[in-house]
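Colleague: Could you take me through one part of this model in detail, namely its nonpolar core, and then say how the nonpolar surface and the database annotation sit alongside it?

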Amino acid sequence: MTRAEIVRLARCVVRRPRWQLVLAVPLSAWTLAWVLGQLADTPLTPLGVLDWTGIPLDAASLWAQERRGVLGWLATLGGLSWAATTEQGQLPALAGWFAVLIAGEAAGYEHAVQRAMLSMVVFLVVLAAVSLTGRRAFVVDRVAVMPKDVMRAGITAAVLTAVVPLIAPGLALTRLIRPYVTKPPRPLRRVDAPLLRETG
């Protein structure tokens, strides 16, 4: 996959239904704040990021940590959701990040993110191994798993998932600089319509 295709995929992230974009922006900001919060002396938990709201979330955090073993599996489901992300279906990337946030509250950042990434990679490796058996198949009358398709779909899922935390700052930056950017004129479309003769 070329750099131009990766850039195209990154732009594709904001080309989704409006309701998904409304859902994606706060989730993106929450995820990015959680990721950046790991650089602090005391790493932030997902609910710790929301302390500024004033909502008492200590009970929810304690509840999640008491169920660490069960909620930790949400990271695995999150990774599989990431693997299911496509250009036309980007909702699994959001669902995967939300699952990882819940798992991160229970088990911590490293455990949740590494487990999600591992489950995604293992799933893609299994599909790649299965695809080796069908690399010479003719896709005419049956479904086949082809190595190139698996690789392309895996890269697409990884890129669309990785840029989710950047949706909110990217949209904010775009809105900020849009008035200062000059766009070239669009070429006119050619209209092939027959000319009408004047009648006198």
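Modeller: Bearing in mind that this is a predicted model, I would begin with the largest nonpolar core, which has 27 residues, and within which Leu27, Trp34, Trp82, Val100 and Met120 touch the most other members. At least two residues of this core are supplied by each of α2 (18-37), α6 (73-83), α7 (91-107), α8 (109-131) and α9 (147-162), and the largest share, six residues, comes from α7.

Trp34 deserves a closer look: leaving aside residues up to four places away in sequence, Trp34 is in contact with Leu44, Thr45, Pro46, Val49, Val100, Leu101, Gly104, Tyr109 and Val113.

Turning to the surface, Leu118, Val122, Val126, Val130 and Val145 make a nonpolar patch of about 400 Å². Val126, one of these residues, is found in helix α8, a helix that also supplies at least two residues of the core. Val126 counts as partly exposed because its relative accessible area is 49%, and the partly exposed class lies between 20% and 50%.

As for the annotation, an unreviewed UniProt entry lists residues 21-40, 116-134 and 154-177 under "transmembrane region". In the model, residues 21-40 are 85% helix and 0% strand, with end C-alpha atoms 29 Å apart, while residues 154-177 are 83% helix and 0% strand, with end C-alpha atoms 33 Å apart.

Key. Residues numbered from 1 in each chain as written. Predicted model: local features only at pLDDT ≥ 70, side-chain atom pairs only at ≥ 80, totals over all residues. Heavy atoms only, no water. Core = buried A, V, L, I, M, F, W, Y, C linked by side-chain atoms within 4.5 Å. Buried < 20%, exposed > 50% of the residue type's maximum accessible area, 1.4 Å probe, protein only. Helix = DSSP H or I, 4+ residues; strand = E, 2+ residues; numbered from the N terminus. Contact = heavy atoms within 4.5 Å. UniProt positions renumbered as here; feature names shortened; annotations may be inferred. Patch = residues over 30% accessible without salt bridge, like charges linked within 9 Å, V, L, I, M, F, W, Y side chains within 5 Å. Areas by Shrake-Rupley, 256 points an atom, 1.4 Å probe, with all protein chains shown as cover. Salt bridge = Lys/Arg side-chain N within 4 Å of Asp/Glu carboxyl O.
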